[in-house]
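Subject: Structure for you to look over

Dear colleague,

I am passing on the structure we spoke about, and below it you will find what came out of going through it. Please read the notes with the structure open beside them.

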Amino acid sequence: MEELVKMLEGSDDEKWLALYKMQNVDFDRLKPYIPKIIEILKEKKLTRRIAFDLLLKICQEKPEVLLDYIDDFKNLICEGFESVYASLIIGKLSLRYPDVVDSETVSRIADLLESDAMKSYALLALSDIAISKPKALSNLIPKLIDLIMDKNWEVRWNTAKVFVNMISSDSSLVEPYLDEVRKIAENEKLKPSVRVVAYVILNEFRNLQNVAKKASP
């Protein structure tokens, strides 16, 4: 382990190799070195993507290792592309530990929606939060409705993921806005690729209602 940690201070090639090898060690042993791995997310090089892959694997397999470093991830959500990586990690962590998400975190991720380069990724993070803590996104719904009509198909589709997850978790949050979504779906002046996203959201709500009716005595 000492050799791998030393390699993190070396050349880019050494960092890549160390980060790859760390994917196969006991993640508990990595805990003291998590801050250094998080710092690598700031580097404008391929190394930060490899560091993200390692952190994501830890998040999926042993998320408790990262819990002491939530503030480190939150502090990365600012302007650089490291904001994307930090947001995605927090979103994934929230699926197991909802309390890692607070209003400030949601606000910071929401700010990324103003960036063409980052909003699609920010929506993926929000789609996880829509499962773990849907009420935290209630104030974002008007903005999300606007994104249904975004010029970028990936943004529109990721917006649908947020809505679908929110409906599955707490449909009452979305219900007051269904008329606005329906207007988009029925607006023949819009492209079919825009309208279909609205239909996906409406169908999810309708399906949920049908399941509830069948379940009721």
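**Surroundings of Val174**

Leaving aside residues up to four places away in sequence, Val174 touches Ile141, Phe163, Met166 and Ile167. Please keep in mind here, and in everything that follows, that this is a predicted model. Val174 sits in the loop between helix 11 (153-170) and helix 12 (178-186), and with a relative accessible area of 0% this residue is buried, since the cut-off for that word is under 20%. Should you want a distance for orientation, Val174 and Met118 are 56 residues apart in sequence, and their C-alpha atoms are 24 Å apart in space.

**The chain as a whole**

The secondary structure of the protein chain comes to 13 helices and zero strands. The C-alpha atoms fill a box of roughly 60 × 45 × 25 Å when this is taken along the principal axes. Of the 217 residues in the protein chain, 47% are buried, and the chain exposes about 11200 Å², of which carbon and sulfur atoms supply 49%. If one takes the contacts between residues at least 6 apart in sequence, 65% of them join residues that are at least 24 apart.

**Helix 5 against helix 7**

How do helix 5 and helix 7 lie relative to each other, roughly parallel or roughly antiparallel? Helix 5 (residues 46-61) and helix 7 (residues 82-94) pack at an angle of about 5 degrees, with their axes 10 Å apart; because angles under 35 degrees count as roughly parallel, the two helices are therefore described as roughly parallel to each other. On the side of helix 5 the contact is made by Arg48, Arg49, Phe52, Leu55, Leu56 and Cys59, and these meet Glu82, Tyr85, Leu88, Ile89, Lys92 and Leu93 in helix 7. Sorted by character, the residues of this contact divide into eight nonpolar, no polar and four charged.

**Aromatic pairs**

The count of aromatic pairs comes to four. In one of them, Phe81 and Tyr85 are arranged edge-to-face, at 5.6 Å centre to centre and with 80 degrees between the planes. Phe81 is partly exposed, with a relative accessible area of 26%, whereas Tyr85, at 8% relative accessibility, counts as buried. Phe81 also forms an aromatic pair with Tyr121, and this pair is edge-to-face as well, at 5.5 Å centre to centre and with 80 degrees between the planes. Phe81 lies in the loop between helix 6 (70-76) and helix 7, while Tyr121 belongs to helix 9 (residues 119-132), so this pair ties together parts that are 40 residues apart in sequence. Tyr121 is partly exposed, with a relative accessible area of 35%. Taken together, ring pairs link Phe52, Phe81, Tyr85 and Tyr121 into a cluster; Phe52 and Tyr85 are also among the residues through which helix 5 and helix 7 meet.

**A residue in another loop**

Lastly, Asp102 is found in the loop between helix 7 and helix 8 (103-111), where this residue is partly exposed, with a relative accessible area of 31%. Asp102 and Ala51 are 51 residues apart in sequence and 25 Å apart in space, C-alpha to C-alpha.

With best regards

Key: Residues are numbered from 1 along each chain as its sequence is written. This is a predicted model: local features need pLDDT of at least 70, side-chain atom pairs count only at pLDDT 80 or more; totals for chains, interfaces and linings use all residues. Side-chain values use heavy atoms; hydrogens and water are left out. Axes are lines fitted to C-alpha atoms, for helices over the stretch in contact, and angles run from 0 to 180 degrees between N-to-C directions. Helices (H or I, at least four residues) and strands (E, at least two) are DSSP runs, numbered from the N terminus. Angles under 35 degrees count as roughly parallel, over 145 as roughly antiparallel, 65 to 115 as roughly perpendicular and the rest as oblique. Contact means heavy atoms within 4.5 Å. Ala, Val, Leu, Ile, Met, Phe, Trp, Tyr, Cys and Pro count as nonpolar, Asp, Glu, Lys and Arg as charged, and the others, Gly among them, as polar. Rings of Phe, Tyr and Trp (its six-membered ring) pair if their centres lie within 6.5 Å; planes under 30 degrees apart count as stacked, over 60 as edge-to-face and the rest as tilted. Buried means under 20% relative accessible area, exposed over 50%, partly exposed in between (1.4 Å probe, protein chains only). Accessible areas come from the Shrake-Rupley method with a 1.4 Å probe; for residues, only the protein chains shown count as cover.
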